[in-house]
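Got your viewer open? Here is a short walk through one model, stop by stop.

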Amino acid sequence: MMNRKIFFAMSLLAMAASAQVKTDVKVFNLAGPYAVKTPQQMDSVNVKGDKFDEKSLLGDLALSSQPQTTFEGCVLPSLADSKSVGVLSFYVNNSDFTKGTISVKGPKNCKVYVDGQEVMGEVKLAPEHHEVAIRFLAQPSDSDSVRVTMDMTRALMPVVTKQHPYMVHDLTDGKRVRNISLSADGKYVMVAYQTTARGGKSQWSYELRDVKSQRLLSRPGSMGEWMPRTCAYIEEEYQGDKRVLYKVDPVTGQRTQWAYDVPREGYTISPTEDYIIFTGTEEGPKEDADVYQVLEMDDRQPGWRSRYYLKRYDIATGLCQRITFGRQTTYLSDISQDGKKLLVVSSYSRLAKRPTEVQDVFIIDAQTLKTDTLMQCAGFLGGGTFSPDGSQIIFTGTPEAFDRIGCQLAADVTPSMTENELFLYDIATKQVKPLTKDFDPSLTGGVNWSAADGMVYFRAECRDYIYLYQLNPKNGKIQRLPVNGDNIYRLDMASHAGTVAYLSYKTMEPASAYVTTNPAKKGSEVLLFDGRKALGDAELGTCEDWNFTNSKGDTVYGRLYLPKDFDATKKYPMIVYYYGGCSPTSRYFESPYAPQYWNSLGYVAYIIEPSGATGFGQEWASRHVNTAGRGPAEDIIEGTKKICEAHPFINKEKIGCMGASYGGFMTQYLQTQTDIFAAAVSHAGIANHTSYWGQGYWGYNYSEVSMANSYPWSHRDLYVNQSPLFNADKIHTPLLLLHGDADTNVPLVESLQMFTALKLLGREVALVQVKGENHHILDYSKKEKWLATQMAWFQKWLKDDPSWWDALYPAKGL
């Protein structure tokens, strides 16, 4: 009688074998066949002593670049009078990890490739749009049959079209528009593109076009800097060790030497074009490389001891002379239109009082260097821009700038330092007027004060959108301009015309490039690059707004993403995502946290904008301050429960959550507050507010935002009670901790502490480090595996399928 244990083991093996799904491929794309010749054999063996192998005739025929026809026969294609090679190919789109074999019967000589790589034996297919190609050698008038079979752990549907669900390579590959700039008169536009091939190799290209006709004028070798008044752009080259700047006519391409032997540093050209301001660097005192003193927290940052200063290069004489000197760094904020005034900011630390970095602001006469001090030890201030006549300045700043003159909140409420406002400063009277106090959107980026129409143009976060606005500085009226897109992320204005160029994303499209000569008039724009081209053959699901009223009576905004082939009768696992830092999760399409990609893997996605984010008004943003996640977490939990109640197709037992940076902290904190999540992913999350406050390069700076005037010794409730680490025993959700091991923003120790705690508690936790990467994972191949790690974790816990995770991180048996 057979031993029961042996019988049971054999039964398991049989069940595993039966789990394989065989699929015969019936239809292919065919390239060829092309005639090949056997080489003249000058000897019976080669220099290595090897005999000629007929398989070498397969050669290097490109797998997918040849003209193709559809092939549905069962007899191998061949030529009547010659040996030949050809390629049979097809595609598979799998939303879950699968593995198995691809067998080819019939041709005596063939090779199998998946995504351009030859495969032999077991094939492992991560969720992706895969190309399978069979390169074959046929004899003259070959009558061999051909049969291709996939024997995989999941059923796969072979197709011959390139259309596919939006997959991980679609996040980065293809042609994307990256920058745009206008000539002074607004007649010519330069656009920069990045084209990335599978594998990560990128190429940059540039186009110079006539705005009115869109005619392509040239393809410059770089993104040239436009002259501020003359219709020309700057190209630079080196003559020996001399840096030379040339003016280039955009129509004729004629180059004229403009500035010779200029400093090798960043620069700003005067609006009058008669001088250039360069930013020089002066190295600070050195320390012993092995045993050294750290002067203050920022001294850990490379280059912190260096100081920046300004120098002026005169075009007529070539004389370059220093215009600022001292122990403090100085920056150029703006130059007046007449070229006479320099707006200069000197910044330095003041650690004993919030804010810990302050500025002195000066106006320096560009010729005499006579200096007028506008402000000293000013806090909460950003950059400034001169009015066209040079009599006023618009400053950016937080609601606390200028003694809270632009703050809506009660005196005992601390606003968020990441909420940005505009202030009008009169140089003669030194009076300040808030311009956006009652304007809820939060400024992002700088401002353009147009010399053509006197209006101020700026971008601002309006909830989870970024729009373009026009402000009339005379009456304070602000209007949103009817430009295209949901996220305006690049903006340039002609310095002497009303023309505006911009790049913008739509919620479900990569960035497009536009130019408009009348930004206030809807439909006046010219489309230079259609972002939909960057999608290639990828197909998307859908996105719809989903907002709810929370228990406090607030409207909490959000978005629900559904797969392309959504079926409301099915049950779907869901991934919940929320903001990192303090900005809302915008409609920026190319984020690595891409709900359109999660859709393609069979998840619905809920993007929620909980309290504390900018763009919803000062009061909403202030809820980020001194709460250590308490209010935002309540919104996320309430929203997740309500969206499940409203949508029966969401499997409320299979919900995952994910976030990075502050969002990584939020992921960890949520698991101490609720059990509604079946899996969680925290990238670069803060586990311990006290250690982050002291260890991260900007930890104490961020604490000025989130823990304003609160410190570990005075507010244990925030630093201890609200830290996930001190509540680790409450965590029962399987938690994946991801971290770049060179992260200087949120150091690796934050994940190490939580990993240690959960390991000692015997909880389900995994830690994956990314070598050499900082706060953001930028390397192409590392990013690919980092993304796979996230989705493999969700496949394991939300789909009850550990196969992808096990393939990435096999059990070690230690």
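Which residues are buried in H10? Select helix H10, residues 749–760, and you'll find Glu750, Ser751, Gln753, Met754, Ala757 and Leu758 buried (under 20% relative accessible area, 1.4 Å probe, protein chains only). Look down the axis: those buried residues fall within an arc of 160 degrees, taken from the directions from the axis to the C-beta atoms, so they line one face of the helix.

A quick note on ground rules: this is a predicted model, where local features need pLDDT of at least 70, side-chain atom pairs count only at pLDDT 80 or more, and totals for chains, interfaces and linings use all residues. Residues are numbered from 1 along each chain as its sequence is written, and side-chain values use heavy atoms, with hydrogens and water left out.

Now show what covers that buried face: helix H6 (662–673), helix H7 (689–695), strand E48 (735–740) and strand E49 (765–770) are included. Helices (H or I, at least four residues) and strands (E, at least two) are DSSP runs, numbered from the N terminus. Just after H10, click glycine 762, with its positive phi of about 75 degrees.

Next, pick methionine 666. Beyond its neighbours within four places in sequence, Met666 is in contact (heavy atoms within 4.5 Å) with Tyr578, Gly629, Pro632, Ala633 and Ile636.

Last stop: strand E36, residues 487–493, where 5 of 7 residues are buried. Strand E37 (residues 500–506) runs antiparallel to E36, joined by 6 bridges (pairing takes at least two DSSP bridges). Arginine 490 sits opposite leucine 503 in E37, and a hairpin of 6 residues links E36 to E37.

Notes. The expected span of a helix is 1.5 Å times one less than its number of residues. Buried means under 20% relative accessible area, exposed over 50%, partly exposed in between (1.4 Å probe, protein chains only).
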